[in-house]
Amino acid sequence: MKLLKHQLQYVTFGILAVLLSISCSKRLSPTQKDFKQYEINKNTSDDDAIVAIYTPYKQQMQAEMNRVIGFSEFALTKEKAPETLMGNFFTQALMDASERVNNKADIAFATKGGIRNEIKAGEITVENVFEVMPFENQLTIIELNGEQIQKLAEFIAATAGQPVTGLSLSIQNKQPIAIQIQGKNLDKNKVYKVVTYDYLANGGDNLDLFTHALKRNDYPQKVRESLMDYISNFTKNGQKIKMQLDGRVKIIK
């Protein structure tokens, strides 16, 4: 039986756990710098001793990953379009998370590249959520003035649409028109709260605009946890997720 890639990950986790346990009780230092490299490839056989160590952890982890936390009536897809069901789902979950940390946002924003996978119609598992957001990104709420929101709208238009909730606009000749926040026209003199995640707030995905926020609040909650909370809330209420497109971002030709 050959070692598989995902099995090697569990071996690594087990070794790290042992090393951390040792480091907590005793201070160690290297006695020599020599090392030998062992290649692991398709011809490498299982080490029964190592397999015996990581198997219980693997089984426990797989059981958690297979745990069903919700149900989606429709497939949450992320095709190349100005608005997608996955984008609406993802940003609505962020908006919901902003309320739970008592800092309700006006806008929830993500990027198409940051959402890594789709979710099929039917049962939603913990593993599905990890596939959508495999990164350790954390919830962040920033404040932007009206001029900065205008620039955000220009970014959305120039990139043919991005996942967003609370903001609507039309794109014409790669420029935003009819910009509205929570159903009202953009006010250049107003300050708006935008819920997103730390990677974007740090300027990721060419969003240097966010690094000039008027105010920023970071929260320990992972975006992935926000997604699971959002899904679980539907389940607690005996509901299925039924995301729909509503024309919040559209291209006018």
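Is Ile141 buried or exposed? Let's take that residue as our way into this predicted model. Ile141 has a relative accessible area of 2%, and since anything under 20% counts as buried, Ile141 is buried. Its place is in strand 4, and its surroundings draw on several parts of the chain. Not counting residues up to four places away in sequence, Ile141 touches Ser98, Val101 and Asn103, then Lys193, Val194 and Val195, and also Lys215, Arg216, Asn217 and Tyr219. You can also check a distance here: the C-alpha atoms of Ile141 and Asp198 are separated by 8.8 Å, although the two residues lie 57 apart along the chain.

One of those contacts, Ser98, deserves a stop of its own. Ser98 belongs to helix 3, and with a relative accessible area of 0% it is buried. Apart from residues up to four places away in sequence, Ser98 is in contact with Asn103, Lys104, Ala105, Ile141 and Val195.

From here we can follow the strands. Strand 4 pairs with strand 9 in the antiparallel sense, over seven bridges, and within this pairing Leu139 stands opposite Tyr197 of strand 9. Strand 9 also pairs with strand 2, this time in the parallel sense and over two bridges; here Ile107 faces Val194 in strand 9. How many of the seven residues of strand 9 are buried? Five of them are, so strand 9 is largely enclosed by the rest of the structure.

Next comes helix 5, which covers residues 146-158. Its 13 residues reach 18 Å from the first C-alpha to the last, close to the 18 Å expected at 1.5 Å a residue. At its N-terminal end, Asn145 acts as a cap, with a side-chain oxygen 3.1 Å from the backbone nitrogen of Glu147. After the helix comes Ala160, whose phi is positive, near 60°. The buried residues of helix 5 are Gly146, Gln148, Ile149, Gln150, Leu152, Ala153, Phe155, Ile156 and Ala157. Among the elements that cover them are strand 2, strand 4 and strand 9, which we have just visited, along with strand 6, strand 7 and strand 11.

Those last three strands lead us to another sheet. It is an open sheet of four strands in the order 8-7-6-11, with mixed pairing. Strand 8 and strand 11 form its edges, each pairing on one side only. Strand 6 and strand 7 run antiparallel and are joined by five bridges, and Ile171 has Pro176 of strand 7 as its bridge partner. Helix 5 packs on this sheet, touching strand 6, strand 7 and strand 11, and its direction makes about 130° with that of strand 7.

Finally, let's look at the nonpolar interior. The largest nonpolar core has 59 residues, and those with the most contacts inside it are Phe89, Phe90, Phe109, Ile149, Phe210 and Leu227. Helix 3 supplies the largest share of this core, with eight residues. Two elements from our walk meet again here: Ile149 is one of the buried residues of helix 5, and helix 3 is also where we found Ser98. Phe90 gives a good view of the packing. Leaving out residues up to four places away in sequence, Phe90 touches Ala110, Ile115, Val132, Met133, Tyr197, Val223 and Leu227. Tyr197 is the residue we saw opposite Leu139, and Leu227 is itself among the core residues with the most contacts.

Technical notes: Residues numbered from 1 in each chain as written. Predicted model: local features only at pLDDT ≥ 70, side-chain atom pairs only at ≥ 80, totals over all residues. Heavy atoms only, no water. Core = buried A, V, L, I, M, F, W, Y, C linked by side-chain atoms within 4.5 Å. Buried < 20%, exposed > 50% of the residue type's maximum accessible area, 1.4 Å probe, protein only. Contact = heavy atoms within 4.5 Å. Expected span 1.5 Å × (residues − 1). Polar contact = N/O pair within 3.5 Å; in protein donor to acceptor, adjacent residues only side chain to side chain. Pairing = 2+ DSSP bridges. Axes fitted to C-alpha atoms, helices over the stretch in contact; angles between N-to-C directions.
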